Amino acid sequence: MVEETLNHSGYGERERSTDPASQANHFELVRVIERMYRRYLDRLRVDLIRIGADDISPAHAMLLFTIGDDDLSVRDLMDRGHYLGSNASYSLKQLVQSGYVDRTASARDRRSARIRLTDKGKMLCRAIKAADEVNQNQIVRSEKDLRALEDTFALLRKLEVLWATDLQQSPLRLDGSRF
């Protein structure tokens, strides 16, 4: 029996549900991942307000974690985080102006910029990680929960690697068909 229900993603979508096991497929997994990421950004927004960091968006906070403890070029950042050039440039400009990131010209090539977190950026990352421990404790309440989380993480990493290598190895379809 198929029944239509309003999902609770908050984005006004309707989804059809049958046996829950029948929804466990690649396409639905991708849709769940996308919704989960949006929900996480909503949660992070609340955490940022609680921390007192109202001058930074959740997407910009995630960019800080992509930079991490490294001193990298803007190109390395874009490759590491899969950002678009204009988005990364705008976000970096905002983060530099807010004091979370230092941007300096490269010693070898003055046209190239190097970026790294400031002390303020590192402190914010530590505060976000501490707030996220509360979220983690809501999910992981037993050894079984921890194993399930570890298995989920391993599967998602496997998918990430598969998709990345598939993109590098699969030739584009050039036979002229549209679908």
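In the predicted model, the buried residues of helix H2 are Pro 58, His 60, Ala 61, Leu 63, Leu 64, Thr 66 and Ile 67. These make up 7 of the 10 residues of H2, so the helix is largely enclosed by the rest of the structure. His 60 lies in this helix. Its relative accessible area is 13%, and the residue is therefore buried, the cut-off being under 20%. Beyond its neighbours within four places in sequence, His 60 is in contact with Ser 91, Gln 94 and Leu 95. Gly 68 follows H2 and has a positive phi, near 60°.

The chain as a whole contains 6 helices and 5 strands. Read from the N terminus, the order of elements is β-β-α-α-β-α-α-β-β-α-α. The chain has 179 residues, of which 23% count as buried. Its exposed area is about 13,300 Å², with 54% supplied by carbon and sulfur atoms. Among contacts with a separation of 6 or more, 44% join residues 24 or more positions apart.

Helix H1 covers residues 26-51, a total of 26 residues. From first C-alpha to last, H1 reaches 36 Å. This is close to the 38 Å expected at 1.5 Å a residue. The N-terminal end of H1 is capped by Asn 25. A side-chain oxygen of Asn 25 lies 3.1 Å from the backbone nitrogen of Phe 27. Within H1, the buried residues are Glu 28, Arg 35, Leu 41, Leu 44, Asp 47 and Leu 48. After H1 comes Gly 52, again with a positive phi, here near 95°.

Helix H5 has 21 residues and should span 30 Å at 1.5 Å a residue. Its end C-alpha atoms are 30 Å apart, in agreement with that value. Gly 121, Leu 124, Cys 125, Ile 128, Ala 131 and Asn 135 are the buried residues of H5. They pack against H1, H2 and strand S5, which runs over residues 113-117.

Strand S5 includes Ala 113. This residue counts as buried because its relative accessibility is 12%, under the 20% limit. Ala 113 and Ser 73 are 40 residues apart in sequence. In space, their C-alpha atoms are 5.8 Å apart. Leaving aside neighbours within four places in sequence, Ala 113 is in contact with Leu 72, Ser 73 and Val 74, and also with Arg 103, Thr 104, Ala 105 and Ser 106.

The largest pocket holds about 2,000 Å³ of space. It is lined by 34 residues. Of these, Ile 33, Tyr 37, Met 62, Phe 153 and Leu 156 are the closest to the pocket centre. Five helices give two or more residues each to the lining: H1, H2 (58-67), H3 (74-81), H5 (119-139) and H6 (143-169). The largest share, 11 residues, comes from H6. H1 and H2 thus appear in two settings: both contribute to the pocket lining, and both pack against the buried residues of H5.

Note on methods
Residues are numbered from 1 along each chain as its sequence is written. This is a predicted model: local features need pLDDT of at least 70, side-chain atom pairs count only at pLDDT 80 or more; totals for chains, interfaces and linings use all residues. Side-chain values use heavy atoms; hydrogens and water are left out. Helices (H or I, at least four residues) and strands (E, at least two) are DSSP runs, numbered from the N terminus. Buried means under 20% relative accessible area, exposed over 50%, partly exposed in between (1.4 Å probe, protein chains only). Contact means heavy atoms within 4.5 Å. Accessible areas come from the Shrake-Rupley method with a 1.4 Å probe; for residues, only the protein chains shown count as cover. The expected span of a helix is 1.5 Å times one less than its number of residues. A polar contact is a pair of N or O atoms within 3.5 Å; within protein, one must be able to donate a hydrogen and the other to accept it, and residues adjacent in sequence count only if both atoms are side-chain atoms. On a 1 Å grid over the protein atoms alone, a cavity is a set of points where a 1.4 Å probe fits but cannot get out, and a pocket is an open set with protein on both sides within 12 Å along at least five of seven lines; lining residues have an atom within 4 Å of a point. Grid points are joined across faces, edges and corners, and a volume is the space filled by probe spheres set on the points.
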